[in-house]
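Colleague: Got a minute to go through this fold with me? I'd like the sheet, then the helices, then any odd backbone.

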Amino acid sequence: RDALKAHNAEIQSARSQVASFFSTKEENICLTPNTTLGINLALNAYDWNANDEILTTKHEHASGLIPLYNLKDRFKTKIKLIDIDFSNPLKSFVENISKNTKAVVFSHVFWSNGFVLPIREIVNELRKNKIISIIDGAQAVGAVKVNLDEINPDFYSAPGHKWLLGPHGTGFFYVSKNLFNKRPPWTSIVGYESAGGKGDDDIYDLNGNWTPKSNAALFEFGGLNCSLFLGLSS
């Protein structure tokens, strides 16, 4: 039990430091092993159908594109890859939004050329249109200033091993407080750490009832390597 307490303390410390470094609260942060898992958690938190459209750009990494192709194969969801006018990137998004656009997946910083998108403006425009924003922050965190509460995307996923110089197998997933207590999103993977109550005895029963956590920790299903995250927070 002492070892478990030490493990939990180290994970909590890492979560706290990540939140502080990116100007948000611990309740918005879920620790993950990589960027790809966060993108998949966000995408698979919703029900999709053939009428839905998801926008993305032609400059995305495979970690963002392949999960989208998977949705296309599973649900016939329309995936629209858009060109970016680098002189007016916001316009590139706005002019491609349709009545069927349900989400937009895009990078904060493009991996191919280092271009930094005006994500706060893009997120604001998407929210006005009730469109989900899912951001790949792999090339941004540690390289450019990232204030997550100011940007306030729906989801933001990033690794610890790139510009943050942390160990492989570390990363984080931001969930906007606007989504707390809403269904959807439904987390697609759940476990012991996804549930919360006053104690172990009230997080679930044998009648199919359970108490999901009401913040980003809902997506943190368990099994994190505390040694790796201690390295990230050092």
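Modeller: What follows goes through a predicted model, topic by topic.

Colleague: Sheet to begin with. How many strands, and in what order?

Modeller: Seven strands make an open sheet, ordered E1-E7-E6-E5-E4-E2-E3, with mixed pairing. Strand E1 (29–32) and strand E3 (78–82) are the edge strands, each pairing on one side only. From one strand to the next the twist averages 20°.

Colleague: Which way do E6 and strand E7 run relative to each other, parallel or antiparallel?

Modeller: E6 and E7 (residues 171–175) run antiparallel, joined by five bridges. Ser-157 has Phe-173 in E7 as its bridge partner, and Tyr-156 has Tyr-174 in E7.

Colleague: And E5 with E6, parallel or antiparallel?

Modeller: E5 and E6 pair in the parallel sense, over three bridges. There, Asp-136 has Ser-157 in E6 as its bridge partner. Ser-157 is thus a bridge partner of Asp-136 and also of Phe-173 in E7.

Colleague: Is E6 mostly covered or mostly open?

Modeller: Mostly covered: five of its five residues are buried. In a regular strand, side chains alternate between the two faces of the sheet. In E6, Phe-155, Ser-157 and Pro-159 point one way, while Tyr-156 and Ala-158 point the other way, and all are buried.

Colleague: On to helices. What does H5 bury?

Modeller: In helix H5 (residues 119–128), the buried residues include Ile-119, Ile-122, Val-123 and Leu-126. These residues lie on the same side of H5 because they cover an arc of only 95° around the axis.

Colleague: What do the buried residues of H5 pack against?

Modeller: They pack against two helices and three strands: helix H4 (89–94), helix H6 (148–151), strand E4 (101–107), strand E5 (132–136) and strand E6 (155–159).

Colleague: Now the N-terminal end. Where does H1 touch the sheet?

Modeller: H1 packs on the sheet and touches E1 and E7. The direction of H1 makes about 120° with that of E1.

Colleague: H1 also meets H7, I think. What is the geometry there?

Modeller: Two packed helices are described by the angle between their axes and the distance between the axes. For helix H1 (residues 2–21) and helix H7 (residues 226–233), the axes come within 9 Å and cross at roughly 35°. The crossing of H1 and H7 is left-handed.

Colleague: Which residues make the contact of H1 with H7?

Modeller: On the H1 side, His-7, Glu-10, Ile-11, Ala-14, Gln-17 and Val-18. On the H7 side, Cys-226, Phe-229, Leu-230, Leu-232 and Ser-233. The residues of this contact divide into seven nonpolar, three polar and one charged.

Colleague: Odd backbone next. Which peptide bonds are cis?

Modeller: Most residues other than glycine have a negative phi, and most peptide bonds are trans. Arg-183 and Pro-184 are joined by a cis peptide bond, with omega about 5°. Another cis peptide bond joins Pro-184 and Pro-185, with omega about 10°. Pro-184 is in the loop between E7 and H7, and Pro-185 is in the loop between E7 and H7 too.

Colleague: What about phi at Asn-181?

Modeller: Phi of Asn-181 is near 65°, a positive value in a residue other than glycine. Asn-181 is found in the loop between E7 and H7.

Colleague: Is Asn-181 buried or exposed?

Modeller: Its relative accessibility is 61%, so Asn-181 counts as exposed.

Colleague: And Lys-130, where is that residue found?

Modeller: In the loop between H5 and E5, just after H5. Phi of Lys-130 is near 55°, positive in a residue other than glycine.

Colleague: Why does Lys-130 count as exposed?

Modeller: Because its relative accessibility is 77%, and exposed means over 50%.

Colleague: Last one: His-59. What does that side of things touch?

Modeller: His-59 lies in the loop between strand E2 (53–57) and helix H3 (62–75). Not counting residues up to four places away in sequence, His-59 touches Ile-84, Phe-86, Phe-110, Trp-111, Ser-112 and Asn-113. The C-alpha atoms of His-59 and Val-109 are separated by 9.7 Å, with the two residues 50 apart along the chain.

Notes
Residues numbered from 1 in each chain as written. Predicted model: local features only at pLDDT ≥ 70, side-chain atom pairs only at ≥ 80, totals over all residues. Heavy atoms only, no water. Axes fitted to C-alpha atoms, helices over the stretch in contact; angles between N-to-C directions. Helix = DSSP H or I, 4+ residues; strand = E, 2+ residues; numbered from the N terminus. Left-handed = near helix turned anticlockwise from the far one by under 90°. Contact = heavy atoms within 4.5 Å. Nonpolar A, V, L, I, M, F, W, Y, C, P; charged D, E, K, R; others polar. Buried < 20%, exposed > 50% of the residue type's maximum accessible area, 1.4 Å probe, protein only. Arc of directions from axis to C-beta. Pairing = 2+ DSSP bridges.
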